Amino acid sequence: IALLSEQAALVMNGTFEPVVTPTWIAQVMENMVNPALGGGYIGEEMTTPEEFWPVSGLFDLTFNNSIGRGAELLDARVQEKLQSSPQTPLAVFGYSQSAIIAAVEKRTLATEYASSDLVAPVSFVLMGNPYRPNGGFLSRIPLLARVLTSSTRMTPTPTDTPFPTVDIARQYDVWSDFPTYPLNLLADINSLFGAINHWYLPESVNPLLKGLVPTVSIDPASPDYLPTTTVASYGDTTYYFVPSKNLPMFYPLRWIGLGPVVDVFEPLVRVFVELGYDRSLPAGQVVRARLLPGLNNLTVDNARTFVSDIRAAVAQGGQALADLFCPPKAPDPAPTAVPLTAPVATASPASVHRSTTVAARRAAVDVAAAALARESVVAAVRSAAPRPLVGASSGTRRDTDTSGQEFDSPRRIHQPSRH
């Protein structure tokens, strides 16, 4: 365990990025170096110029001199590590321009230990390698390589050394997956936009890349790992090829919200873009740019494969067209089960007391109203009844004098006259 804790990985960055940030080191160690080499390595910053005159600056180093200076710095650091702890495993990580620097160091160590029985415990992890034997931009076009790296002894990254190497490339990355047949203009245009696929940082860093250029990981346990990633070995190198979900040439259309429209015709265009590549050749075999496919590619099986790809692309585009005009209906939500017996709510003592008080008050009001109504009816009946005549049996009646006092007066009885 103590030995594993001392294992170092020298981490470099790419062109225009000489400073190696902690975020970059964490990304590289988690998703590339430790999954590739079995874990136990601790990332260390390895600063190199990473310049490209005049693009990076008018006073910067040329691409060739930047690689030469970076190779000197890396070799000095590697020698220092090997002298201080010759048996401790050491890893070197290079990306883009620094992948070339790492390849130079690999060749230097191979020459140094060629006549020795001992082999330095050094491993290399390369990503977006312009000198990837089959696909690297500078491996495809040697003439351009001589112009850019005129004084640096550079050829495609060697695969015949005693130093284990892992080479990672994303599909359509212009620097590590350049077309085999440059006369295919569709493949060329797509490859130029493939500079975007050269971005290997987490997709959250750049909002434009979200959903288009996902984070690269070769760790099968990582959520960023693509199961369709292909892995192949050639010599001392293990090659990872990470597929691209979309064609880079259509990224601008997707950025402005035309993704559903692009999905209609992109599958068919992709078939013709792939005609610019020969995917049947090993990743570790040096493959230069060619004008046209060889006669050995014009076979019945290849013709059948092409027709099958066309049919599949048309079917996929047709489905996208149908979804564009008739989006698939969302499934109806499942019915909610209703319980046979509803639960009975239990009232709290306070609510019961309030309810009882209100009911009692309402009952008292109803009783009072009924009594009042009854009294009103009795009073009305009494007032409507005729008043009896006092003294009628004695033949008298009560009158009132001028002072208001009542007195009895004899009642006159009319008797018929006699004649």
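## Salt bridges, pockets and backbone exceptions

Lys106 forms a salt bridge with Asp236, and their closest N and O atoms are 3.1 Å apart. A salt bridge here is a side-chain nitrogen of Lys or Arg within 4 Å of a carboxyl oxygen of Asp or Glu. Lys106 sits in helix α4 (residues 97-112) and Asp236 in the loop between β6 (230-234) and β7 (237-242), so the pair ties together parts that are 130 residues apart in sequence. Lys106 counts as buried, at 1% relative accessibility. Asp236 is buried too, with a relative accessible area of 14%. Buried means under 20% relative accessible area, exposed over 50%, and partly exposed in between (1.4 Å probe, protein chains only).

This is a predicted model: local features need pLDDT of at least 70, side-chain atom pairs count only at pLDDT 80 or more, and totals for chains, interfaces and linings use all residues. Residues are numbered from 1 along each chain as its sequence is written, and side-chain values use heavy atoms, with hydrogens and water left out.

### The chain

The chain has eleven helices and nine strands. These are DSSP runs numbered from the N terminus: helices are H or I with at least four residues, strands are E with at least two. Of the 419 residues, 38% count as buried. Contacts (heavy atoms within 4.5 Å) reach far along the sequence: among those between residues at least 6 apart, 72% join residues at least 24 apart. The chain exposes about 24700 Å², and carbon and sulfur atoms supply 63% of that area. Accessible areas come from the Shrake-Rupley method with a 1.4 Å probe; for residues, only the protein chains shown count as cover.

### More salt bridges

The whole structure holds nine salt bridges. Three of them are tabulated here.

| Pair | Closest N and O atoms |
|---|---|
| Lys106 and Asp236 | 3.1 Å |
| Arg254 and Glu266 | 3.3 Å |
| Arg279 and Asp177 | 2.9 Å |

Arg279 and Asp177 link distant parts of the chain, 102 residues apart. Arg279 lies in the loop between α9 and α10, Asp177 in the loop between β5 (165-170) and α7 (185-193). Arg279 is partly exposed, at 38% relative accessibility. Asp177 is buried, at 3%.

Arg254 belongs to helix α8 (residues 251-255) and Glu266 to helix α9, so this pair ties together parts twelve residues apart in sequence. Both Arg254 and Glu266 are buried. Elsewhere, Glu44, Arg77 and Lys81 are joined into one network by salt bridges that share partners.

### Pockets and the cavity

All spaces are found on a 1 Å grid over the protein atoms alone. A cavity is a set of points where a 1.4 Å probe fits but cannot get out; a pocket is an open set with protein on both sides within 12 Å along at least five of seven lines. Lining residues have an atom within 4 Å of a point. Grid points are joined across faces, edges and corners, and a volume is the space filled by probe spheres set on the points.

The largest pocket encloses about 700 Å³. It is lined by 21 residues, of which Glu274, Leu275, Tyr277, Asn302 and Asp309 lie nearest its centre. Helices α9 (259-274) and α10 (300-325) each supply at least two lining residues. Helix α10 gives the most, with eight. The lining has eleven nonpolar, six polar and four charged residues. Ala, Val, Leu, Ile, Met, Phe, Trp, Tyr, Cys and Pro count as nonpolar, Asp, Glu, Lys and Arg as charged, and the others, Gly among them, as polar.

The second largest pocket holds about 530 Å³. Its lining has 23 residues; Thr15, Glu17, Tyr95, His198 and Trp199 are the closest to its centre. They divide by class, across the whole lining, into 14 nonpolar, eight polar and one charged.

One cavity of 30 Å³ or more is found. Its lining includes Arg170, Asp224 and Tyr225. By class, that lining has five nonpolar, three polar and two charged residues.

### Backbone exceptions

Most residues other than glycine have a negative phi, and most peptide bonds are trans. A cis peptide bond joins Trp53 and Pro54, with omega about 0°. Pro54 lies in the loop between β2 (42-45) and α3 (63-84).

Ser96 has a positive phi, near 60°. It lies in the loop between β3 (90-95) and α4 and is buried, at 7% relative accessible area. Tyr172 also has a positive phi, near 70°. Tyr172 is found in the loop between β5 and α7, and is buried at 0%.
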